[in-house]
Amino acid sequence: MKVAVIGAGVSGLGSLKVCLDEGLEPTCFESSHDIGGLWRFKETPEPGRANIYKSVVINSSKEMMAFSDFPPPAELPNNMHHSEVMLYVRLYAEAFKLLQHIQFQTTVVSVRQTLDFAATGQWDVETETRDGQRETRVFDAVIVCTGHFTQPHLPLGDFPGIERFEGRYFHSWDYRSADDMEGKRVVVIGIGNSGGDIAVDISRVAEKVYLSARSGAWLVSRVGEGGLPADLVGTSRMDMMMGKLFPSWVNKMVENKLNKVVNHKLYGLQPNHGFFQQIPLVNDDLPARIISGRVQLKPNVKQFCGSTVVFADGSVIDKVDVVVFATGYNYSFPFLPSALQAKSGYRLNLYKHVFPPALTRPTLAVVGFIHGLGAINPLAEMQARWATRVFKGLTKLPSEKTMIKEIEKDTVTMHQRFACSDRNPIQVEYVPYLDFVAEQVGVRPNLLWLLLTDPRLALNILLGPCTPYQYRLTGPGQWAGARQAILTQWDRVIQPFKTRVVPEPETKPSSKRNIIMFFSGSVACSTKTKCFLPHNIAKDLKYDSSCGSDWRRFKENPEPDRASIYHSVIINTSKEMMCFSDFPIPGHYPNFMHNSLIMDYFRMYADNFQLTKYIRFNTKVLQVKQRSDFSHSGQWDVETENKDGKKEKHIFDAVMICIGHHCHPNMPLHDFPGIDTFKGKYFHSRDYKTPEEWRNKKAVVIGIGNSGGDIAVELSRVTKQLYLSTRRGAWVLNRVGDNGLPLDLFFNRVLNSVRRILPFGFFCGLGERQLNRRFDHALYNLKPKHRLFSQHPTVNDELPNRILSGTVQVKPNIRRFQGSNVEFDDGSVVEDVDLVVFATGYRFSFPFLASQVVTVTENKASLYKYVFPPELARPTLAIIGLVQPLGAIMPISEMQARWATRVFKGCIKLPSVASMLKDIQCKEETMAKRYVTSHRHTIQVDYVEYMDEIAKMVGVLPNSLRLLLTDPRVGLNVIFGPCTPYQYRLRGPGKWAGAREAILTQWERVAQPMQTRPCDEPQCKRSYAWLLMISAAVMGLAAYINRNSLPSFLQDPAALLDKIKVYWPAQ
């Protein structure tokens, strides 16, 4: 029996292999030069064919998208990049010798019934080669596998004024990469998976991306609970049964769980349909892009006016450069007779989405033209298995009348069950559909039989993920390896993570050390002179043309002895926690700001308080030394040099040093034997700017601090492979906390008090368990030896997804370099490495100070409260911002400056030298006990503890008890709310009249930047299953209580009915 298979994508290859299994003679016609269909990336889109963009990673995990008798290699990542999907598809084609049955560069022009079709069921298939040669051949059956992502749907008629749009617009089908989007304003229309991916991708380089969503979407992550692939968790047959019994309850439970991760209403994502009514948006990175303001949700576009876009809520965006229509696809089969393309509602008139019911002979099947909440491969393969059995006459279809009635019934059910449209007409419930087709083929697993004969396997099928191997256990096409494939599926899930040996954590004895869970990244900012102005004792000298320190305007070329950032840097602390205490960040600013917005805020701050007139730009300090009469006057000689080389000497009554600690890169090359032989390029993370230069290269990033994590994630989007080398591992935190709120807003004074009570190890354990619920650090090879609060944590929202998709591979420390090869401590070797980035931290020093003033040894400086040199005769020199807090640096620097100026004026006296030295030693010992030994942990402080300590000396520590009595609303906010800087302006020196209002409105400023799309509440469908279950339970309980009367009731039920009638209302 000769079968024509049209298309050599995954559906076509599966159909081809099934035909061979059934002893048929298939010929596959593929219009392009290669297999793979959708998954074959093409630099230039080819009309009439599916296309993908460079960054595509499959949404289904490898075990769920596998062909049922060909498990993916264990070493492949769980969520594969499109290139790895193509690798798997090629392995499949080679393993079953499919290529010899494919005619490439051959387009099917038409498929027509032969004249004797009623008797033979045969088809005339006309094809055309690339050279224009046409040929017509007769086939006994046809399988259509052309998919539904080939004809872009561009509904320009729905968008008035688009013909006059002054920018560029195109369909997502044409999108390849964000290379030409840098600095542009972009609107993406449509919030399906392509729309979400493209918005995120472009947002990394564009000025701003607006994501326009007409109906919103439920957002799910590829990374499920514990870091396992999300589609392996909660997708078992048991879960399906619960969903059938209690659909409304399960729907509500899922929505509540998703809202706990990201509050969809707060983020502007809330759709007006329930979770199971439409395929959800799968995207791990979108919440972080929204909370950082790089992507802004908007309602539907109302009209275009030149380069202006007007949205349905009346909001307007000017100067839009690009519009991407992620508006789905049309579907058509131009080679089929029009009679076979009739529709039922929005869908094609196909029995179970496969067979045209009107054919006198069922010898044509459409395979893979379907959409379920799961992978397409198993669905298409199962359809093909059914089709071939029907072709051979081994399985019979119902009558035409029955099939038409079934199609009408399925159409009504689909429209009730799903949010259908002409763009979304082929929706099915994944497991029920698979089970139905499997029943027709005779391969549905018999759970009851398996429970009796093979309980271990049965429990895997009932409680485990519904992987495709389950449909190879029995019946036609039975595969001997199916049982083993099911029992080893979790081994293959775990295998790609095994790239670094994870040590057991070191435990530290419990102690009453001061710990608070405030988290930040490697950010620092020089304190502004505004703090000093009331005292008229300072000028700010900067060897630079602008204010901002670390956050100064991004520069392509790092400047010696100055802090430098990379283009994509977003701050790790939220705006309410990092702002200056009397100058809230504007409400419309995103919660986690891009470096450019931080600079905007600093400029507003400087302008508001007229600080720039006190700053001498482009002026370098050469020397700061005590005057000869220092013991009497406390004055300093300060020598400076401007950009023209002119030197000046000044006399100052006091000096504040605010140069930060991210200026001098730490490059420990002596720890890496053979680095001098390395043939590639290496540099410190300070010199990293953008990833484009390293496209399709192999890169190693050494160090897993915040810079190392950020750079590894960013490079992994363009490199061939990225290896992240870590000596100790790290605990990884999200910026995005529960309900999508900034994580650092959840930690308050109550939590700090609880921390004081609990033992250190127990408190760490609570935090570690919470982090491991997000993803298992041991599974991801990130688990460190140390406890959570024994090292500065790494803040990164995207790293787990990059590890899951295999684009970042975690490795141990490097043992040696050999030419272009890198050998790691576990003996593994990576060859042909092009780039090594040393994200190995910084050293700090004060070259303009005499060594007897401040001595720096191994990144340690002896300073009282990290501010004052203890042995100066006069306390007129202060180091500001030389701390590494578990929290934001800006409020700490400001608080230090407020303390310093009070000391300079004599309003506050420092303790004796002996007391200060004792305090310094105590802090060093405490730090040594708590933290891992590292040059990173020499200036570590806990945010609230340290702020309160300094605030108490300044006289501005909020009195919580008094506030509860006099202003309970503010008191409750101070105790139970986030410890925002405004709390230190409620009383004492520098009291600010706006502090109370700033505290009471802080949550409004958190929500404001995300209130960009109005959301409707989802329409829930009622379920009466609960009522039935409760009724059954009541009846069962009644039967149990009256069990002794049951036999008599069964013999004479009328007697009981007579008793009940007494309680009925009178007629």
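Among contacts in the protein between residues at least 6 apart in sequence, 71% join residues at least 24 apart. The model is a predicted one, and its secondary structure comes to 32 helices and 47 strands. Of the 1067 residues of the protein, 57% count as buried. One example of sequence separation set against spatial distance is given by Ile 290 and Asn 591, which are 301 residues apart in sequence but 9.1 Å apart in space, C-alpha to C-alpha.

Ile 290 itself belongs to helix α8, which spans residues 286-291. Its relative accessible area is 6%, so Ile 290 is buried, the cut-off being under 20%. When neighbours within four places in sequence are left aside, the residues in contact with Ile 290 are Tyr 267, Leu 269, Val 295, Leu 297 and Met 1010.

The parallel strands around β18 were examined next. Strand β18 comprises residues 322-325 and runs parallel to β10, to which four bridges join it. Within this pairing, Val 186 stands opposite Val 322, and Ile 189 stands opposite Phe 325. Strand β9 (residues 168-171) also pairs with β18 in the parallel sense, over four bridges. Here His 171 is the residue that stands opposite Phe 325. Phe 325 of β18 thus has Ile 189 opposite in one pairing and His 171 opposite in another. Both faces of β18 are covered, with Val 322 and Val 324 buried on one side and Val 323 and Phe 325 buried on the other.

Strand β10 (residues 185-189) is likewise mostly covered, as four of its five residues are buried. Besides β18, strand β10 pairs in the parallel sense with β11 (residues 208-212), over five bridges. In that pairing, Ile 189 stands opposite Ser 212 of β11. Together with helix α5 (residues 193-203), strands β10 and β11 make a right-handed β-α-β unit.

Nonpolar packing was then considered. The largest nonpolar core contains 177 residues, of which Ile 202, Phe 355, Phe 868 and Trp 899 touch the most other members. Helix α23 (residues 889-904) gives the most to this core, contributing nine residues. For Ile 202, residues up to four places away in sequence not being counted, the residues touched are Tyr 175, Ala 178, Met 181, Val 186, Val 209 and Val 324. One of these, Val 186, is the residue that stands opposite Val 322 in β18, and another, Val 324, is buried on one side of β18. A second, separate core holds 31 residues, including Val 701, Ile 704, Leu 722 and Val 732.

Helix α13 (residues 455-463) offers a view of packing between helices. Its buried residues are Leu 457, Ala 458, Asn 460, Ile 461 and Leu 462. An α-helix has 3.6 residues a turn, so residues three or four places apart point the same way. The buried residues of α13 pack against four helices, namely α6 (237-245), α12 (447-453), α14 (482-487) and α15 (489-494).

Aromatic side chains were surveyed over the whole structure, and the search finds 44 aromatic pairs. Phe 333 and Phe 335 form one such pair, which is edge-to-face, with 6.4 Å from centre to centre and 70° between the planes. Phe 333 is buried, with a relative accessible area of 3%, and Phe 335 also counts as buried, at 8% relative accessibility. Phe 580 and Tyr 605, by contrast, form a stacked pair, with 4.0 Å from centre to centre and 15° between the planes. Phe 580 lies in the loop between α16 (575-578) and α17 (595-608), whereas Tyr 605 lies in helix α17, so the pair ties together parts that are 25 residues apart in sequence. Phe 580 counts as buried at 2% relative accessibility, and Tyr 605 counts as buried at 0%. Ring pairs extend this arrangement into a cluster, linking Phe 580, Phe 583, Tyr 601, Phe 602, Tyr 605 and Phe 609.

Rings also take part in arrangements with lysine residues. Lys 17 lies over the face of Phe 96, at 4.5 Å from the ring centre. Lys 352 is placed over the face of Phe 436, again at 4.5 Å from the ring centre.

Key. Residues are numbered from 1 along each chain as its sequence is written. This is a predicted model: local features need pLDDT of at least 70, side-chain atom pairs count only at pLDDT 80 or more; totals for chains, interfaces and linings use all residues. Side-chain values use heavy atoms; hydrogens and water are left out. Rings of Phe, Tyr and Trp (its six-membered ring) pair if their centres lie within 6.5 Å; planes under 30 degrees apart count as stacked, over 60 as edge-to-face and the rest as tilted. Buried means under 20% relative accessible area, exposed over 50%, partly exposed in between (1.4 Å probe, protein chains only). Helices (H or I, at least four residues) and strands (E, at least two) are DSSP runs, numbered from the N terminus. A charge sits over a ring if NZ of Lys or CZ of Arg is within 6 Å of the ring centre and within 35 degrees of the ring normal. Contact means heavy atoms within 4.5 Å. A nonpolar core is a set of buried Ala, Val, Leu, Ile, Met, Phe, Trp, Tyr and Cys residues joined through side-chain atoms within 4.5 Å. Two strands pair if DSSP finds at least two bridges between them. A crossover is right-handed if, with the strands pointing away from the viewer, the path from the first strand over the helix to the second runs clockwise.
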